[in-house]
Structure formats: C-alpha cells, structure tokens
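This briefing covers the strand arrangement and the charged side-chain pairs of one protein model. Please have the sequence and the coordinates open while reading.

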Amino acid sequence: MNTHNELRSLTTRESIVLLSSAQVGRVVFTDEALPAIRPVNFVVDGASVVIRTGREGSLSKLNGNVVAFEADHIDLATRSGWSVIVHGRAERVSDIDQLVTLADPAKSSWVPLRDYFLRIPFEMVTGRRLALPHVTSEAIG
C-alpha cells in the first residue's frame, strides 16, 4: 500500500471553498522595490478576498497594485495540508453599502481601529493539496 503523500492541484471551486475556511492569510506585495508579506485576517466576499486595515499602513497604499494573497492549512501529524493563492489588483472599498456589510462585527479585524477595506478580486486562483492518496478497493486487495 502506498503511504506516501501525493501533491495535487485543486480546482478553482475547491480552492475557494478551502480559502473560505481559513481565518488568516498573507498579502504579498512590493514595498519600495522589495518583496513584502503581511499576515492578515480576512473574509471571502463573493469573488474576492477583503481585508480590513488602517489608513496609514503599508496595505492602505496598495490600491491599484497587483498583489498576491495566500492562505493555507498544515497538519503536522499527517504531513498534509493545502495552500491557495489568489492574484488580483487591490481595490479600496468605498461603496457605502459594501462598507456597511463589511463592517459587520463578526468580520472585524483582529487589530483594533481598522477602518480601511481593501478588496482583492479573484483574477487568478490556484491551489494545491498534499495528502495521503485515496485508498480504493483495488488497492486493498
């Protein structure tokens, strides 16, 4: 029986479902010509990731920039997990109806005083899962 983990690509739908189950991800961007990564809590809102940040931080300067967003889950005991990456052009959320919806306390930032919302539309979504292969009746014997 094969006990080695296998790495497989996820469909866009599988990737979005897994992404929706995560609470923390990482925004990847360029800051003064250097790569930068910031961990953030987030929500999946339709076909985008939305993060809540402050008006003065490095993330608030990303409006219009192409960024990547990554979230994952790793199970050390089984040496398995998944990773999903979203690429998109960051947009400041300014529509009042969207802001009211996104300001729901259940979707609040873990860091206090965050009143700037940044949306990353799903322009490209990729995902991978590392897991034990499925055992079929043929493999059992």
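In this predicted model, strand 2 (residues 24-31) pairs with strand 3 (residues 34-44) in the antiparallel sense, over 8 bridges. Within this pairing, Arg-26 stands opposite Pro-39 of strand 3. The two strands belong to an open sheet of 9 strands.

**Sheet and helix**

- The strand order in the sheet is 1-9-6-5-2-3-4-8-7, and the pairing is antiparallel.
- Strand 1 (6-9) and strand 7 (91-92) are the edge strands; each has a single partner, so one side of each has no neighbour in the sheet.
- Helix 1 (residues 12-21) packs on the sheet, and its contacts include strand 1, strand 3 and strand 4 (48-53).
- Helix 1 also touches strand 5 (66-75), strand 6 (80-89) and strand 9 (124-131).
- The direction of helix 1 makes about 100° with that of strand 6.

**Salt bridges: overview**

- Side chains of opposite charge can pair when their charged atoms come close.
- The whole structure holds 4 salt bridges.

**Arg-26 and Glu-70**

- Arg-26, the residue opposite Pro-39, forms a salt bridge with Glu-70 at 2.7 Å, N to O.
- The pair links distant parts of the chain, with Arg-26 in strand 2 and Glu-70 in strand 5, 44 residues apart.
- Arg-26 is partly exposed, with a relative accessible area of 30%, whereas Glu-70 is buried at 14%.
- Arg-26, Glu-70 and Asp-72 are joined into one network by salt bridges that share partners.

**Arg-119 and Asp-45**

- The side chains of Arg-119 and Asp-45 meet in a salt bridge of 3.0 Å, N to O.
- Arg-119 lies in strand 8 (residues 116-121) and Asp-45 in the loop between strand 3 and strand 4, so this pair ties together parts that are 74 residues apart in sequence.
- Arg-119 has a relative accessible area of 11% and is therefore buried, being under the 20% cut-off.
- Asp-45 has a relative accessible area of 26% and counts as partly exposed.

**Glu-14 and Arg-8**

- Glu-14 and Arg-8 form a salt bridge through their side chains, at 3.3 Å, N to O.
- Glu-14 is partly exposed, with 28% relative accessible area.
- Arg-8 is also partly exposed, at 32% relative accessibility.

Conventions:
Residues are numbered from 1 along each chain as its sequence is written. This is a predicted model: local features need pLDDT of at least 70, side-chain atom pairs count only at pLDDT 80 or more; totals for chains, interfaces and linings use all residues. Side-chain values use heavy atoms; hydrogens and water are left out. Two strands pair if DSSP finds at least two bridges between them. Helices (H or I, at least four residues) and strands (E, at least two) are DSSP runs, numbered from the N terminus. Contact means heavy atoms within 4.5 Å. Axes are lines fitted to C-alpha atoms, for helices over the stretch in contact, and angles run from 0 to 180 degrees between N-to-C directions. Buried means under 20% relative accessible area, exposed over 50%, partly exposed in between (1.4 Å probe, protein chains only).
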